[in-house]
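Here is a brisk report on a single protein chain. It covers overall form, charged pairs and pockets.

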Amino acid sequence: MSKNEIFKFGFFLVSFLLVIVLHSSCKEEKLLTLTTYIIPENSGEILPSSGTYESGATVIAEALNAENFIFSRWSGDINSSENPIEFQIDFDMNIVAEFTEKDSPIEDQDNDGVADSIDLCPDTEQGIPVDKNGCILRNEFDESYLAIWADEFNYQGNVDKNKWHHQVIPPQSGSWFNGELQHYTDRSVNSYVSDGSLNIVAIKENYTYENSSKGYTSARLNSKFGFKYGRVDVRAKLPKTEGTWPAIWTLGTNINEIGNYFGDSQGSVGWPKSGEIDIMEQTGWNKNETIGHFHYADQNGNYKDQGGVTQVSNTNEIYHVYSMIWTEDHIKLLVDNKEFTSLETKNLDSFNNPHYILLNVAIGGNLGGNVDPNYGDDEMVVDYVRVFQKE
């Protein structure tokens, strides 16, 4: 065979192989079918609905519920509860969006959350916390105290905005007081309600708020309820990791601290004249005790503080009840109804004005101390917050 013939044969062979490759590639670019279904019928829709897609295409599908239905899960060729959901089509697919019918509304004439059929106190004043029988909630340790405000966290998802305010603005040049290392946020990853409890989660992550960057995030909640005198009970489990600084406490509604719920609507005396009652604090280095403390101004306006410490075991595994009893003459702090410190308050203006409740978990700082180098996240879990006054 001459060189010319070899060249022609080689050119023909390459051309032939190229045609085969191109033909094979075109065959691979086939269209696949996505078929969508709704269960039960007319309970919602899927966007996008059934259609054809190139093999390997990425699809983002969202299930939209009809009135009186809620999305439950995806089934068929996808098994997930995420919504919307992202997936890749590599074969003909069938996906099913399953919805659940909402519970029928209960008959509840006094709107206390207890059905009329089991409500033993059907005329309860609206807004007053009630027990499972629909009657005014009494204190479990002293029945002469009746609840005037509470959050039982018997719902799911975001914290109740009618009861709580997220304080997120750092009051000290982009930072919080006491050398703390976190930013507080209103994101659901830092505070949410699940399985009957409030979860305040402190996370190790880089986070920037108005040009101020921190290495941790957490949540700081203010009650939208101020009260003067009475009893507070908070049932909670505390974080266990070195460096966490959980707190259950109160401030005067007249403090006017940056970003707090009340602002200057009830006065503006500043701290410590506003008064501070630390019902429970725990250091980052000793998880077997808790602290109770009072910060205030005396009759001459001078800063004063007083407090005590008590041993409490298994604070991260077992719920304990952290309490305050506040009268015109004194404030007592208790754990599991056992008093461990008190303050005589007669003629102290700091404790003769309404206070509001704060819940938070700080990282590092004065009482947090050194943070575990392997820290990832930890949380304070709150079963309930209750405010009582004498009957």
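The sections below go from the whole chain to individual side chains and then to the pockets.

**Overall form**

This is a predicted model. The chain has two helices and 24 strands. Its radius of gyration is 30 Å, whereas a compact globule of 391 residues would have one near 21 Å. The C-alpha trace spans about 115 × 60 × 40 Å along its principal axes. Of the 391 residues, 45% are buried. Among contacts with a separation of 6 or more, 64% join residues 24 or more positions apart.

**Salt bridges**

Side chains of opposite charge can pair when their charged atoms come close. The structure holds eight salt bridges. Three of them are set out here.

| Salt bridge | Closest N to O | Sequence separation | Accessibility of each partner |
|---|---|---|---|
| Glu391 and Arg138 | 3.2 Å | 253 residues | Glu391 64%, Arg138 35% |
| Arg386 and Glu152 | 2.9 Å | 234 residues | Arg386 13%, Glu152 27% |
| Arg235 and Asp383 | 2.8 Å | 148 residues | Arg235 27%, Asp383 19% |

Glu391 pairs with Arg138. This salt bridge links distant parts of the chain: Glu391 sits in the segment after strand S24 (377–390), and Arg138 in the loop between strand S7 (93–101) and strand S8 (145–151). Glu391 is exposed. Arg138 is partly exposed.

Arg386 pairs with Glu152. Again the link is between distant parts of the chain, with Arg386 in strand S24 and Glu152 in the loop between S8 and strand S9 (164–166). Is Arg386 buried or exposed? Arg386 is buried, because its relative accessible area is 13% and the cut-off for buried is under 20%. Glu152, at 27%, is partly exposed.

The side chains of Arg235 and Asp383 also meet in a salt bridge. Arg235 lies in strand S15 (residues 230–237) and Asp383 in strand S24, so this pair too links distant parts of the chain. Arg235 is partly exposed. Asp383 has 19% relative accessibility and therefore counts as buried.

**Largest pocket**

How much space lies in the largest pocket? About 550 Å³. Its lining has 20 residues. Those nearest the centre are Asp112, Ile128, Pro129, Val130 and Lys163. Strand S8 gives the most to this lining, with three residues. By class, the lining of the largest pocket has seven nonpolar, five polar and eight charged residues.

**Second largest pocket**

The second largest pocket has a volume of about 440 Å³. It is lined by 20 residues. Phe177, Asn178, Glu180, Trp249 and Glu276 lie nearest its centre. Which elements give two or more residues to the lining of this pocket? They are strand S16 (244–252), strand S17 (276–281) and strand S23 (355–363). S16 gives the most, with four residues. The lining of the second largest pocket divides into 11 nonpolar, three polar and six charged residues.

**In brief**

The predicted chain has a radius of gyration of 30 Å. Glu391, Arg386 and Asp383 each take part in a salt bridge that links distant parts of the chain. The largest pocket holds about 550 Å³, and the second largest about 440 Å³.

Notes
Residues numbered from 1 in each chain as written. Predicted model: local features only at pLDDT ≥ 70, side-chain atom pairs only at ≥ 80, totals over all residues. Heavy atoms only, no water. Salt bridge = Lys/Arg side-chain N within 4 Å of Asp/Glu carboxyl O. Buried < 20%, exposed > 50% of the residue type's maximum accessible area, 1.4 Å probe, protein only. 1 Å grid on protein atoms, 1.4 Å probe; cavity = no way out; pocket = protein on both sides within 12 Å on 5 of 7 lines; lining within 4 Å. Points joined across faces, edges and corners; volume = space filled by probe spheres on them. Nonpolar A, V, L, I, M, F, W, Y, C, P; charged D, E, K, R; others polar. Rg over C-alpha atoms; globule rule 2.2 N^0.38 Å. Contact = heavy atoms within 4.5 Å.
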